[in-house]
Amino acid sequence: MKIAFFDSGIGGLSVLHHAVKLLPSEEFIFFADEDHVPYGTKPRELVMKYVDEAFKFLMTLNIDAIVVACNTATSVAVREMRKHYNLPIIGMEPAIKRAVDLYGDKRILVTATPITVNGEKIHSLIDRLGKRDIVDLLALPKLVDFAERQEFVSDAVADYLREEFKPYDFKDYSSIVLGCTHFNYFKDTMRLLLPENVAFVDGNSGTLKELMRRLNLSTSISDLSNSKFIPKIDYYFSGRKIIDAAEIERLKIYLRRLDDMYLI
């Protein structure tokens with residue numbers, strides 16, 4: 001099957017990276033809307049327009065499903081896209097329920113983009129779970145900019161996170177929910193700033209579990225056991241297929257970093 005992963009930028013690579021490990025026999029499309037990243041600080045109407053344009057392009061590629069590997073795009077546009085396209089569309093949302101399931105009634109810090117933090121979808125989720133008293137929301141928009149320019153470990157990144165984390169007494173927290181796929185690139189820097197009792201939770205595994213359920217797919221490790229295994233992935237930036245060697249190498253840098261972050 002051909003499965004498309006869509007994000008405003010390169011954050012969605014973290015979901016694709018996990019998918020390749022689970023579904024190595026499938027064919028993948030990765031679409032990053034690099035012309036318009038970031039989404040999280042833009043008006044909702046503009047994000048809707050960008051998502052609609054991306055979906056129209058993806059539908060020309062004979063795909064079997066779309067994973068919206070972007071919490072912001074999911075919050076703004078997935079419900080509307082499902083009205084227009086007759087194929088599985090799997091969205092992402094901050095993994096608050098997973099954090100609650102894992103850690104009970106201990107405090108949770110949910111980090112995301114401003115659109116997600118201020119959106120109705122995340123507040124409705126918190127209310128449905130009945131956990132408003134233990135869930136705090138924190139927008140970290142600058143992490144998207146840092147990730148897009150491959151600035152993962154620097155004094156600027158650490159200073160930004162240290163300042164944003166300052167109001168929270170983390171000895172009272174069980175976990176930090178990474179509610180934007182761009183945030184997965186910063187686990188090592190966050191780990192240095194957070195006490196060991198704070199675990200990382202993201203929505204990647206839950207999203208892929210739903211994808212596999214919808215497409216009736218199962219994992220296969222046979223391809224991964226082959227030392228010559230090369231995943232079948234085509235990359236697109238805002239509708240332009242990536243064939244330039246320098247751009248391909250840039251993407252490989254992200255994927256290599258994700259290999260390291262996968263272990264944290």
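## Pockets, cavities and buried residues in a predicted model

C180 is buried, with a relative accessible area of 7%. The structure described here is a predicted model, and the values below were computed from it.

**The two cysteines**

C70 is likewise buried, and its relative accessible area is 4%. Which cysteine sulfur is closest to that of C70, and how far away is it? The closest one belongs to C180, and at 6.6 Å it is too far for a bond. A disulfide is a covalent bond between the sulfur atoms of two cysteines. Because a pair of cysteine sulfur atoms must lie within 2.5 Å to count as a disulfide, the count for this model comes to zero. C180 is accordingly in no disulfide, the sulfur of C70 being the nearest cysteine sulfur.

**Cavities**

C70 and C180 also appear around an enclosed space, since the largest cavity has S8, C70, T72, T113 and C180 as the residues nearest its centre, out of 14 that line the cavity. About 70 Å³ of space lies in this cavity, and its lining divides into five nonpolar, eight polar and one charged residue. The count of cavities of 30 Å³ or more comes to two.

The second largest cavity has a volume of about 50 Å³, and the residues that line this space are N71, S75, M92, E93, P94, T116, K121, I122 and L125. Helices α3 and α6 each supply at least two residues of that lining, and α6 gives the most, with three residues. By class, the lining of the second largest cavity is made up of four nonpolar, three polar and two charged residues.

**Pockets**

The largest pocket has a volume of about 840 Å³. It is lined by 34 residues, and those closest to its centre are T74, G91, M92, E93 and K121. Two or more lining residues come from each of α2 (44-58), α3 (71-84), β4 (89-91), α4 (96-103), α6 (120-129) and α10 (204-215). Which element gives the largest share of this lining? That element is α3, which contributes nine residues. M92, E93 and K121, named here among the residues closest to the pocket centre, are also found in the lining of the second largest cavity.

The second largest pocket has a volume of about 470 Å³, and among the 15 residues that line this pocket, V20, F229, P231, I233 and L255 are the closest to its centre. The elements giving two or more residues to the lining are α1 (13-22), β9 (232-237) and α11 (245-261), with the largest share, five residues, coming from α11.

The table sets out the class make-up of the two pocket linings.

| Pocket | Nonpolar | Polar | Charged |
|---|---|---|---|
| Largest pocket | eleven residues | seven residues | 16 residues |
| Second largest pocket | ten residues | one residue | four residues |

**Helix α8 and its surroundings**

Helix α8 spans residues 155-165, and within this helix V157, A158, Y160, L161 and F165 are buried. On how many sides of α8 do these residues lie? They cover an arc of only 160 degrees around the axis, which puts them on the same side of α8. An α-helix has 3.6 residues a turn, so residues three or four places apart point the same way. The cover over the buried residues of α8 includes β5 (107-112), β6 (135-139), α7 (142-148), β7 (173-178) and α9 (187-193).

One residue of α9 illustrates this packing. T189 lies in helix α9, and at 6% relative accessibility T189 counts as buried. Leaving aside residues up to four places away in sequence, T189 touches F152, V153, V157, A158 and L161, of which V157, A158 and L161 are among the buried residues of α8.

**V68 in strand β3**

V68 has its place in strand β3, residues 65-68. Is V68 buried or exposed? With a relative accessible area of 1%, V68 is buried. Not counting residues up to four places away in sequence, V68 touches F6, F55, A73, T74, V78, I89, I90, G91 and M92. Among these contacts, T74, G91 and M92 also belong to the residues closest to the centre of the largest pocket. V68 and F165, the latter one of the buried residues of α8, are 97 residues apart in sequence and 28 Å apart in space, C-alpha to C-alpha.

Methods
Residues numbered from 1 in each chain as written. Predicted model: local features only at pLDDT ≥ 70, side-chain atom pairs only at ≥ 80, totals over all residues. Heavy atoms only, no water. 1 Å grid on protein atoms, 1.4 Å probe; cavity = no way out; pocket = protein on both sides within 12 Å on 5 of 7 lines; lining within 4 Å. Points joined across faces, edges and corners; volume = space filled by probe spheres on them. Helix = DSSP H or I, 4+ residues; strand = E, 2+ residues; numbered from the N terminus. Nonpolar A, V, L, I, M, F, W, Y, C, P; charged D, E, K, R; others polar. Buried < 20%, exposed > 50% of the residue type's maximum accessible area, 1.4 Å probe, protein only. Arc of directions from axis to C-beta. Contact = heavy atoms within 4.5 Å.
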